[in-house]
Number of protein chains: 2
Amino acid sequence: MGDLDTVLSTVDQGLDASLERLFGLLRIPSISTDPAYAGDCRSAADWLVGELDALGFQAERRDTPGHPMVVAHGGEAGPELLFYGHYDVQPVDPLDLWDQPPFEPVLEDRPEGRVIRARGASDDKGQLMTFVEACRAWREVHGTLPARITILFEGEEESGSPSLVPFLEANKTELTKSLALVCDTGMWNRETPSICTMLRGLMGEEIVIRGASRDLHSGGYGGPAANPIRVLAKILASLHDDQGRVTLPGFYDGVRDVPEALAAQWETLGFDPAAFLGGVGLSHPAGEAGIPALHQIWARPTCEFNGIAGGYAGDGFKTVLPAEARAKVSCRLVWDQDPHAIRAALRERVREMLPPDCEVEFHEHGSGPATVMTTDDPAFEKARAALGDEWPGEAVFTGGGGSIPICGLFKEILGMDSMLVGFAHEDDRIHSPNEKYDLTSFHKGIRSWVRILDALSRG
Amino acid sequence: MGDLDTVLSTVDQGLDASLERLFGLLRIPSISTDPAYAGDCRSAADWLVGELDALGFQAERRDTPGHPMVVAHGGEAGPELLFYGHYDVQPVDPLDLWDQPPFEPVLEDRPEGRVIRARGASDDKGQLMTFVEACRAWREVHGTLPARITILFEGEEESGSPSLVPFLEANKTELTKSLALVCDTGMWNRETPSICTMLRGLMGEEIVIRGASRDLHSGGYGGPAANPIRVLAKILASLHDDQGRVTLPGFYDGVRDVPEALAAQWETLGFDPAAFLGGVGLSHPAGEAGIPALHQIWARPTCEFNGIAGGYAGDGFKTVLPAEARAKVSCRLVWDQDPHAIRAALRERVREMLPPDCEVEFHEHGSGPATVMTTDDPAFEKARAALGDEWPGEAVFTGGGGSIPICGLFKEILGMDSMLVGFAHEDDRIHSPNEKYDLTSFHKGIRSWVRILDALSRG
C-alpha cells in the first residue's frame, strides 16, 4: 500500500472518531449574531485550539473586539498554504421547525443516504473539520503535515465579519501564503466535485427620493405636487434597455468574454436552464438576450432591484402622495468591473433624472469587485485531478453567482488567490431548520483534502 | 327690523346657548371606526334625534347593520331640501399630542381669534350644528321652518360609509329632494366663502406582479430570474409622457375645457401656486405642462402612485430577488371620464407589458366619476349672493381636487345635485390632534344658513 492509500485507509478506519469530534464541535451553540452566545463562540474557538494543538499545530485563540479568531501554524516543509473556515453558525429560529434540538447532533438514515443533522453540520463546522481530520490522518501516518499550513478560523462569518479586515491588515505577514484553501462551498452535484474559480462582486446602493416636506393628500395636491414613487419608477425603468442590458455609461467596462476552454468545460456540466428556473416556478430566462442562463449567473453582471418602498402599501387604500420613496439596488459584478465607477454612474443617472422639486439621498451598502482566480497556477489543476481521483465524476471549474467576501479580502489585502473546494449540497438547508451534511460529504471530503494536500506537496 | 334681521339677531343673542348645545354633542366620543365606541355613536344619534324633535322635526334614529342614521322631516311650505352631515368623528390617537382631552370641548383664545377646540369641532359636528342652529333661530322667530327640510345625519362617514348606499337605495323616495345641502367643506379664505361645484372622481387599483414562487438570492438567480420590481417600475414609468400627460389610450375621453366664465372667476381668487407649493416644501408644478396649478387640481385628471412595496426595504441590505412587488395606483377623474373604462385601460397596459414569466393580480379599490354640479339651477346664485351678504368677500364657485363620495352617491342614486357650503379652514387640523373650529365659522356659519334658507325660500 502506497503512502497515500495508507492515509486514506486511516481516514476510513478513524471515521467514527472523526464524527465524534465533529459532534463535539456541533454541540457548542456558537451563534455569532446573538450576544447571548458570545461565551459559546469563545468555547468553540478554545475547542478548536485544543484540537489543533493536539495535532501538533501551534494554535492560539486571538481575541478581537468581536468573537475570537483561531490561528494555527503547523508543518515543516512543502508549500505554504492558508486554510480558512468559520466556526460560528446562524441562529436556529424558528426552533419548532427542527425535528430535533439543533445543537444535539444525530446521524440519520435518509432515503438519499446517511446525514449528520445539526446547526452548522454543513455551514461551516462539518466542512472545516474535513480539513482538520485530513491533517490528523496524515500526521498519524507520517508524523508530520504535508505542507506548511496556517489555519485561520473566523467566528463572525455569519454576522458580517466586522473584525476580519482589521485582523488581516494587522497580520498580513503571518497570514499571506502562496494560496488560500477555503472550504465553504458546494459540489456541482453528488457525483461531481467542483472548484469555484469565479465569484461575482457586488455594489449595493440605496436611493431615497424626497419630494414634499410631508405626505400629501392626492385630492388636494394631485397634479402639481411631485410624486417620489413616480420619479423613482422612471429612474429604475431607465436602467435596462429592452435587451436586458444595463444602460449606465461604462457599465460593461472590464467585462470579458468567458475563455473558450472554460466555456467548453461549462458546456459539459449539463446545466439545464429549464430545470433550474422551473425549480422556482419560472420558465423564461429574463436576463441579457442571447446569453445562456449559466453564463448570465457566473460571468455576466446584473443590476437588480432588491427592495422598494414608498407611500401606503398595507391593506386597503390611502390616497396619499408620499413625501419619499426608496429603492435598494445592487449590481453583481464580473471580471474587472469597478464597483466605485459603477456606483458613481448610478448616482449620476439618478441626479440627471431628478426633477427640480426632488432631492436624493444615497446610502452605500458595500462594494467589492469580482474575484477571478488565476487558474494557471498549477495548484488548481493538481487539485482538480486529486478530486477526480476521489469522486465518480471529473472535477470542474465552476463560477459562483454570489460573492464570498473572504476571497475578495484575501486578494485585496493579502494579494492571495483562493481555491474554493467544498462538499456541501443544495439540499443541506444551511441557514434553515434541520440543516444537515451528508455523511459522504464528510467522509469523502476528508479523503479529498488528503489527496489535494498530497498533490500540492509534490512540488 | 326685517324678518331676516330678526332671525340673525336671534342667532347672535342665542350664540352662548348654541355653543352649549354643540359642546353637548362634542362630549360624545362617537368614533365610528372603533367598535368600542358603538354605544357612543348610538348616543350621538339619539342626542340629535332629541334636538331635532325639540325643533319640531319628526326625527328618528334609523338603525343599520353599522351605526345608525338620523332622519328628520320638518317644515310645511317652500322648496324641498335635503341637508346632510355626519355625527361620527375620527379616532384621537396620538392622545399625548392633544393639549386637552379631545372630548372635553373648550373655548380658547388664539392670536387669530377664538376657537372651539375638540375632536369633531370642525369635522363635522360644528359644521352640521350651524344648520341645526339656523333652523332653531328661524323657528324661534317664525314658528316654522323656511322650507320643507329633510335632514340626514350619517354615523359612518369616517369609516367608509358601508351602510350608506343600501340606505339611500332603500329610502329613495323619502330622501330625494330638489337639492342637497352639504356642510362638510371649507371657505376659500377667512374673508371669502365658497360653494364647491366640481369634485374630482377616483379610480383606485392595486397591481400585484408575481415572478418566482419564492424570494430568490440575487447571487444564485440574478440574471435569468424575472424581477417583479423591475417589471413594475417599467409599467409605472410608462404611464406618463414627458409632458406629464397620462398615456393610457382613451384616458382623456370626457375631459372638458373649463367654461370661460368659471375660469374667469377662478382667476379672481388670487391663487398663488408658489405659496401653495411652498407650504409643503415644493416649488415647481409637476403636473401637465402648460396647465395652471389650480386647474391641475380642480379640473384635470391625474394618475398617481400612492404606494409601492417589494423585496426588502428595511434597515441594511438583503440581496433578495423578490417573488412579488405591488403598487397602489389611483386616478383622479374630472368631468365625464369613465372610471370603468380607465380601469380597463390600465389593466390592459399592465397585461401588455407583462413578461412571460410574471403573473398579475388586480385589486379594485373603489371608483366614482367626478361630480360636477348643474350651477345654472338658480339656487346656486341665490346662495352665492346670500353668502356674500354675510361675509366680507364675494362668495366664489370653487372646485375640489378630492372626492366627497356623498355628492356622487346623491347624484347617482337619487339623481340630485349637492350644494357644498362649509365654513372650515385649512388650519382646523381635522383628523389630527387639537382639532378646532373658529368661533367665527360657527357663528357666521349659522347666520349664513339663515340667509341661504331665506334666499332659497323666496321661490
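Hi everyone. Let me start with one residue pair: A:Ala309 sits opposite A:Arg326, which belongs to strand 13 of chain A. What we have here is a predicted model, so please keep that in mind.

That pair belongs to a longer run of pairing. Strand 11 of chain A and strand 13 of chain A, residues 324-333, are joined antiparallel by 8 bridges. On the same topic, helix 12 of chain A, residues 339-353, lies across strand 9, strand 13 and strand 14 of chain A, and it runs at about 165° to strand 14 of chain A. In chain B, helix 12 packs on the sheet too, touching strand 9, strand 13 and strand 14 of chain B, with its direction at about 165° to that of strand 14 of chain B.

Now, what is the order of the strands in this open sheet? Reading across, we get 14(A)-9(A)-13(A)-11(A)-11(B)-13(B)-9(B)-14(B), 8 strands with antiparallel pairing. Strand 14 of chain A and strand 14 of chain B, each spanning 359-368, have a single partner strand apiece, so one side of each is left without a neighbour in the sheet. On average, neighbouring strands here are turned by 20° against each other, ignoring direction.

Let's go to where the chains join. Strand 11 of chain A and strand 11 of chain B, both residues 302-311, run antiparallel and are linked by 5 bridges. One residue to click on is A:Gly307, which stands opposite B:Gly311.

How much area do chain A and chain B bury between them? About 5,700 Å², with 59% of it on carbon and sulfur atoms. A:Pro224, A:Arg230 and A:Phe317 supply 13% of the area that chain A buries against chain B, more than any other three residues. In terms of contacts, 73 residues of chain A meet 72 residues of chain B. The rule finds 0 salt bridges across this interface, while 40 residue pairs are in polar contact, both residues at pLDDT 80 or more. Strand 11 of chain A gives the most to the side of chain A that touches chain B, with 9 residues. That side divides into 30 nonpolar, 30 polar and 13 charged residues.

Last stop, another sheet in chain A. Here 3 strands form an open, antiparallel sheet in the order 4-5-18. Its edges are strand 4 (106-110) and strand 18 (436-438), and neighbouring strands are turned by 35° on average, direction ignored. Strand 5, residues 113-117, is joined to strand 18 of chain A by 3 bridges, and A:Val115 has A:Asp438 as its bridge partner. Helix 15 of chain A, residues 439-457, packs on this sheet and touches strand 4, strand 5 and strand 18.

Thanks, everyone!

Conventions. Residues numbered from 1 in each chain as written. Chains lettered and ligands numbered in written order. Predicted model: local features only at pLDDT ≥ 70, side-chain atom pairs only at ≥ 80, totals over all residues. Heavy atoms only, no water. Contact = heavy atoms within 4.5 Å. Buried area = accessible area lost by both parts, 1.4 Å probe. Salt bridge = Lys/Arg side-chain N within 4 Å of Asp/Glu carboxyl O. Polar contact = N/O pair within 3.5 Å; in protein donor to acceptor, adjacent residues only side chain to side chain. Helix = DSSP H or I, 4+ residues; strand = E, 2+ residues; numbered from the N terminus. Nonpolar A, V, L, I, M, F, W, Y, C, P; charged D, E, K, R; others polar. Pairing = 2+ DSSP bridges. Axes fitted to C-alpha atoms, helices over the stretch in contact; angles between N-to-C directions.
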